[in-house]
Amino acid sequence: AYILHTCFGAGPNEIRALIGPSAGRCCYEVDPDTAKRCSDSGLRVQGRLVDLWSSNRDQLLESGLRMPNIDVTNICTICGNAFHSYRKTATKARNLALLML
């Protein structure tokens, strides 16, 4: 949000964010040391599961975006079948992320 504001003059009310399909809080499990580091840095962690969706949403809110301007698909690429997940298949296939200004 900072760069969009600084470079393009966009205000928080004009910026929309989408947190797309990705490793979900249901499946994104990390080792105990990583879980502690994530928790210590303010990310949402339950046991060894890291909630990247909420953590990213929290960062967007802290940067000035409003909740109605943030959408989360809540689609887990690990337990779902609609998208590729390296963590699930360990293949060299990749996904593509896009940004639209």
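This report describes the fold, the nonpolar cores, the salt bridges and a few single residues of a predicted model.

## Overall layout

The protein contains four helices and four strands. Read from the N terminus, these elements follow the order α-β-α-β-β-α-β-α. The C-alpha trace spans about 40 × 30 × 20 Å along its principal axes.

Of the 101 residues, 27% count as buried. The protein exposes about 7300 Å², and carbon and sulfur atoms supply 55% of that area. Among contacts between residues at least 6 apart in sequence, 54% join residues at least 24 apart.

## Nonpolar cores

The largest nonpolar core has 10 residues. Its members include Ile 19, Ala 23, Tyr 28, Val 30 and Ala 35. Cys 38, Val 50, Trp 53, Cys 76 and Ile 78 also belong to this core. Apart from it lies another core, of five residues, among them Ile 15, Ala 17, Leu 65 and Ile 70.

Val 30, a member of the largest core, can be followed through its contacts. Leaving out residues up to four places away in sequence, Val 30 touches Ala 35, Arg 48, Val 50 and Arg 87. Of these, Ala 35 and Val 50 are listed in the largest core as well.

## Salt bridges

Side chains of opposite charge can pair when their charged atoms come close. In this model the count comes to six salt bridges. Three of the pairs are described here.

Arg 25 forms a salt bridge with Asp 51, and the closest N and O atoms are 3.7 Å apart. This pair links distant parts of the chain, 26 residues apart: Arg 25 is in the loop between β1 (17-19) and α2 (32-40), while Asp 51 is in the loop between β3 (49-50) and α3 (52-62). Arg 25 is partly exposed because its relative accessible area is 40%, whereas Asp 51 is buried because its relative accessible area is 10%. Arg 48 pairs with Glu 29 in a salt bridge, again with the closest N and O atoms 3.7 Å apart. Here too the pair links distant parts of the chain, with Arg 48 in the loop between β2 (45-46) and β3, and Glu 29 in the loop between β1 and α2, 19 residues apart. Arg 48 counts as partly exposed at 38% relative accessibility, and Glu 29 counts as partly exposed at 41%.

Asp 58 forms a salt bridge with Arg 44, the closest N and O atoms being 2.8 Å apart. Asp 58 is in helix α3 and Arg 44 is in the loop between α2 and β2, so the pair links distant parts of the chain, 14 residues apart. Asp 58 counts as buried at 18% relative accessibility, and Arg 44 counts as partly exposed at 40%. A network of salt bridges links Arg 44, Arg 57 and Asp 58.

## Helix α3 and its ends

The buried residues of α3 are Trp 53, Ser 54, Ser 55, Arg 57 and Asp 58. What covers them includes β1 and β4. Trp 53 is also part of the largest nonpolar core, and Arg 57 and Asp 58 take part in the salt-bridge network.

At the start of α3, a side-chain oxygen of Asp 51 reaches to within 3.3 Å of the backbone nitrogen of Trp 53. Asp 51 is thus described twice, since this residue also forms the salt bridge with Arg 25. After α3 comes Gly 64, whose phi is positive, near 115°.

## Surroundings of Arg 25

Not counting residues up to four places away in sequence, Arg 25 touches Leu 49, Val 50, Asp 51, Trp 53, Ser 54 and Asn 74. Among these, Val 50 and Trp 53 belong to the largest nonpolar core. The C-alpha atoms of Arg 25 and His 84 are separated by 17 Å, and the two residues are 59 residues apart along the chain.

## Asn 69

Asn 69 is found in the loop between α3 and β4 (70-72). Is this residue buried or exposed? Asn 69 counts as buried, because its relative accessibility is 6% and buried means under 20%.

The side chain of Asn 69 reaches two backbone oxygens: that of Asn 13 at 3.2 Å and that of Ile 15 at 3.1 Å. Leaving aside neighbours within four places in sequence, Asn 69 is in contact with Pro 12, Asn 13, Glu 14, Ile 15, Arg 16 and Ala 17. Of these, Ile 15 and Ala 17 are among the residues of the five-residue core.

Technical notes: Residues numbered from 1 in each chain as written. Predicted model: local features only at pLDDT ≥ 70, side-chain atom pairs only at ≥ 80, totals over all residues. Heavy atoms only, no water. Core = buried A, V, L, I, M, F, W, Y, C linked by side-chain atoms within 4.5 Å. Buried < 20%, exposed > 50% of the residue type's maximum accessible area, 1.4 Å probe, protein only. Contact = heavy atoms within 4.5 Å. Salt bridge = Lys/Arg side-chain N within 4 Å of Asp/Glu carboxyl O. Helix = DSSP H or I, 4+ residues; strand = E, 2+ residues; numbered from the N terminus. Polar contact = N/O pair within 3.5 Å; in protein donor to acceptor, adjacent residues only side chain to side chain. Areas by Shrake-Rupley, 256 points an atom, 1.4 Å probe, with all protein chains shown as cover.
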